Amino acid sequence: MAIYNGLDAAHEHLLDVAKACLLAAGKAPTLTHRIKLMAEIVTDEDMDPIIDVLATLGENSAFQLHDAVALQSLQKQNKMPPILLLGADLMKPALWDCGACGFKTCGEYLKYIQTNKGLGVGCYGPTCVWKAIDFGTMCDYAAACSAQHHVESRIMFSIGACSLLLGHLEGATMVLGLPIGPLGKNLWFDREAWKETLNFDQKMMVQLAGGPTNQMAFSGGGNPIIKSKPDWWDNPTFMKVEQDETFIERDVNNKAKAYEKIMRYQGVFDEDE
Amino acid sequence: MARIHIDELPPYSPPDQAKKENVLIVAKLMVNAALTAPLTGGVPGHEAEIVYGQKEIEHVAREMERLAHKQVPKKLKKPFLYEAVMARESDVIVFLGNKRAHETPMDVGCGLCGGEPDCSFVYDRVNHFNGLIDATDRSRETAIKGPLCVLRAHDLGYVIGSAMWIAGKHFVDAKSCYSVGLAGRNLDICMKSELVVGILIAAASKNPYADIPPNYHLTNMAKQIDALRKISTITRQIPNHPYHTFDPAPKTGSGKKKEE
């Protein structure tokens with residue numbers, strides 16, 4: 001006989017839900033019938049390196065920052081949900097000679113990958129398109145299982161990419177993260193921790209960059225004013241396409257910093273280096 | 001008040017048609033699930049089409065058989081032929097197509113397509129102007145015109161998964177197939193998509209998509225029923241006689257006691 005703290009007990013139950021999600025992913029119907037699911041459940045402080053690398057990349061990119069800030073906040077509040085890492089080797093072809101990868105036959109593809117395997121921003125490639133689709137179905141089943149348990153979840157490329165770089169799920173060419181939780185409603189949409197991260201002007205600039213025509217004045221003149229302030233006709237502002245050396249330099253430095261951290265976590269450097 | 005009698009045999013009889021209407025409802029719900037599946041960045045990019053009716057399904061099955069004989073590699077020949085049989089045994093087919101993988105990549109440099117930290121692998125191999133892909137040349141040298149944005153293609157997996165999940169929740173059998181999707185796309189089903197997958201759906205006492213014997217395109221139940229019709233027609237003509245006036249069966253053993 002015992003009285004449990006309800007919320008703590010529910011939080012502990014998330015680990016069981018994560019396991020159930022994995023069972024669902026394993027039972028997902030596939031097209032190729034030739035994909036092997038790989039998975040890990042990462043909890044609490046074992047998430048620290050992943051969050052650290054993500055936050056570093058986030059210093060120059062809103063996308064990674066968005067997720068890093070949310071995870072850091074959960075860490076601080078002691079509410080870190082178990083993170084399901086789902087991965088698979090998507091490089092081996094289905095041998096259908098379908099052409100979707102860009103090669104006429106799977107034979108030509110196999111020849112190409114002998115010498116052209118490589119790493120992008122967050123995944124290894126090239127990839128068999130049908131394996132990538134099957135992997136999507138597996139991840140979908142995991143997410144659907146979580147929804148059936150009324151547990152928040154969100155497929156996260158950012159967590160997956162950092163996990164892959166940090167050596168989780170060795171042999172996988174793509175890894176995705178699926179936080180199973182936390183307890184609450186729409187927390188991955190309405191992120192409390194994000195409220196103060198970008199200010200109003202920054203948020204409006206993101207919006208403007210995403211759809212400049214929405215704030216475009218008469219375009220018939222050929223160089224339309226972009227309405228970026230209340231009295232937009234006074235000292236008007238225009239859009240300009242140009243190379244941004246400063247941003248590129250920042251990006252390169254930022255990635256170097258992140259990769260150095262990854263190598264440290266991987267034990268490539270001695271501690272005193 | 002109506003009485004709706006439901007039975008799965010004979011195929012396309014009124015009781016079977018009534019059952020098919022139920023399955024059509026599930027197919028529509030599957031499309032809802034497909035369209036609300038989680039996607040990369042939440043970006044919409046999929047279309048769905050439902051094929052329903054004996055002739056409509058027959059067209060798809062025939063294109064699958066054409067592909068089996070004329071286009072796909074040898075190892076896919078039999079799976080395509082078998083799945084054409086399954087298509088004919090299905091009540092409804094849901095097609096799900098990805099509109100973006102061939103035309104509007106994610107442009108994020110993920111690495112999936114070519115293992116490079118940019119999107120050059122795709123853009124170096126397709127017709128484009130400053131990154132705007134011209135997909136108006138629809139001629140193909142392969143079944144699928146590649147290369148495709150693999151991260152976009154990956155999204156199609158979620159769309160299929162959510163549809164299949166709903167099928168399972170409603171206890172109808174479902175099977176997602178490359179063969180069905182390819183045939184459907186060739187017939188201009190989901191015509192905005194290069195990548196199309198077909199989901200066969202059926203409510204039947206025996207799952208039509210499992211327990212498949214060898215040479216199933218020749219040994220399936222429709223073939224067996226047709227064979228029975230063929231053989232029984234001949235067989236009955238051999239031991240014939242004027243049944244009005246003559247019964248060759250022995251009087252004894254008929255179940256009735258012989259009258260004293």
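Modeller: In this predicted model, the centres of domain 1 of chain A and domain 2 of chain A, taken over C-alpha atoms, are separated by 30 Å. Domain 1 spans residues 6-194 of chain A and domain 2 spans 200-265.

Biologist: How many residues does each domain of chain A give to the contact between domain 1 and domain 2?

Modeller: Domain 1 of chain A supplies 10 residues and domain 2 of chain A supplies 9 residues. On the domain 1 side, helix α2 (residues 48-58) of chain A gives the most, with 5 residues. By class, that side of domain 1 has 6 nonpolar, 2 polar and 2 charged residues.

Biologist: How should one read the contact between the two chains, and which element of chain A gives the most to the side that touches chain B?

Modeller: In general, the size of an interface is often expressed as the accessible area lost when the parts come together. Here the description is by residues: 39 residues come from chain A and 40 residues from chain B. On the chain A side, the elements giving two or more residues are β3 (118-119), β4 (124-125) and α5 (129-148). Of these, α5(A) gives the most, with 13 residues. The side of chain A that touches chain B comprises 24 nonpolar, 10 polar and 5 charged residues.

Biologist: At what angle do the axes of α5(A) and α5(B) cross?

Modeller: A pair of packed helices is described by the angle between their axes and the distance between the axes. The axes of α5(A) and helix α5 (residues 150-169) of chain B cross at roughly 45° and come within 6 Å. The two helices are therefore oblique to each other, and their crossing is right-handed.

Biologist: Which residues meet where α5(A) and α5(B) are in contact?

Modeller: From α5(A), the participants include Val129(A), Ile133(A), Phe135(A), Tyr141(A) and Ala144(A). Among their counterparts in α5(B) are Val150(B), Leu156(B), Tyr158(B), Ile160(B) and Trp165(B). The residues of this helix contact divide into 13 nonpolar, 6 polar and 3 charged.

Biologist: Is helix α6 of chain B mostly covered or mostly open?

Modeller: Helix α6 (residues 178-186) of chain B is mostly covered, with 8 of its 9 residues buried. Tyr178(B), Val180(B), Leu182(B) and Arg185(B) are among the buried residues.

Biologist: Against which elements do the buried residues of α6(B) pack?

Modeller: They pack against α5 of chain A, and also against α2 (54-70), α3 (74-88), β2 (92-98), β5 (173-177) and β6 (195-202) of chain B. Just after α6(B), Asp188(B) adopts a positive phi of about 65°.

How values were computed. Residues numbered from 1 in each chain as written. Chains lettered and ligands numbered in written order. Predicted model: local features only at pLDDT ≥ 70, side-chain atom pairs only at ≥ 80, totals over all residues. Contact = placed C-beta atoms within 7 Å. Helix = DSSP H or I, 4+ residues; strand = E, 2+ residues; numbered from the N terminus. Nonpolar A, V, L, I, M, F, W, Y, C, P; charged D, E, K, R; others polar. Buried ≥ 20, exposed ≤ 12 C-beta atoms within 10 Å, placed from the backbone. Axes fitted to C-alpha atoms, helices over the stretch in contact; angles between N-to-C directions. Parallel < 35°, antiparallel > 145°, perpendicular 65-115°, else oblique. Left-handed = near helix turned anticlockwise from the far one by under 90°. Domains from an automatic or database assignment.
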